[in-house]
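Biologist: Please take one part of this model and examine it closely, residue by residue, and then place it in the chain as a whole. I should be grateful for the cut-off behind each term that you use.

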Amino acid sequence: MTDPVSLAVCPRCGRPLDGPAAHDACRAALELEPPRFCGDCGRRMKVQVVPTGWTATCVEHGIQTS
Ligand SMILES: [Zn+2]
Ligand SMILES: [Zn+2]
């Protein structure tokens with residue numbers, strides 16, 4: 001498996017973590033709500049809220065759960 005440069009993006013807003021945007025609010029929000037973007041590839045994930053929390057599915061990286 002060749003994994004090119006992994007662009008670390010904010011799982012909430014999808015912007016680069018090392019960019020100019022501050023993500024303090026995002027980190028706080030992620031305590032309460034599911035991520036919308038895959039932290040590995042930045043793709044928008046399919047998010048489902050379930051009784052136990054949430055599941056988020058990246059087409060590339062599979063399912064993440066809370
Ligand atoms: Zn963010
Ligand atoms: Zn992914």
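**A histidine, and the zinc site**

Modeller: Leaving aside neighbours within four places in sequence, His23 is in contact (heavy atoms within 4.5 Å) with Cys10, Cys13, Arg15, Pro16 and Leu17. This is a predicted model, in which local features need pLDDT of at least 70 and side-chain atom pairs count only at pLDDT 80 or more, while totals for chains, interfaces and linings use all residues. Residues are numbered from 1 along each chain as its sequence is written, chains are lettered from A and ligands numbered from 1 in the order written, and side-chain values use heavy atoms, without hydrogens or water. His23 belongs to the segment before H1 and is buried, at a relative accessible area of 6%; buried means under 20%, exposed over 50% and partly exposed in between, with a 1.4 Å probe and protein chains only.

The zinc ion (ligand 2) takes its protein donors from Cys38 (SG), Cys41 (SG), Cys58 (SG) and His61 (ND1), at 1.9 to 2.4 Å. Donors are N, O and S atoms within 2.8 Å of the metal (3.2 Å for Na, K and Ca), and water is not among the atoms, so sites may look incomplete. Angles among the four donor atoms of this zinc ion run from 99 to 115°, and the site is tetrahedral, a label for four donors with all angles between 85 and 135 degrees. For four tetrahedral donors the ideal angle at a metal is 109.5 degrees.

Along the chain, the donors of the zinc ion (ligand 2) show the spacing C-x2-C-x16-C-x2-H. Cys41 sits in the loop between helix H1 (24-30) and strand S1 (46-50), and His61 in the loop between strand S2 (53-58) and strand S3 (62-65), so this pair ties together parts 20 residues apart in sequence. Helices (H or I, at least four residues) and strands (E, at least two) are DSSP runs numbered from the N terminus. Cys41 is partly exposed, with a relative accessible area of 22%; His61 is also partly exposed, at 39%.

Strand S2 also holds Thr55, which counts as buried at 19% relative accessibility. Beyond its neighbours within four places in sequence, Thr55 is in contact with Lys46, Val47, Gln48, Ile63, Gln64 and Thr65.

As for the chain as a whole, one helix and three strands make up its secondary structure, in the order α-β-β-β from the N terminus. Of its 66 residues, 21% count as buried.

Definitions and conventions: Tetrahedral: all angles 85-135°; square planar, octahedral: opposite > 155°, others 65-115°.
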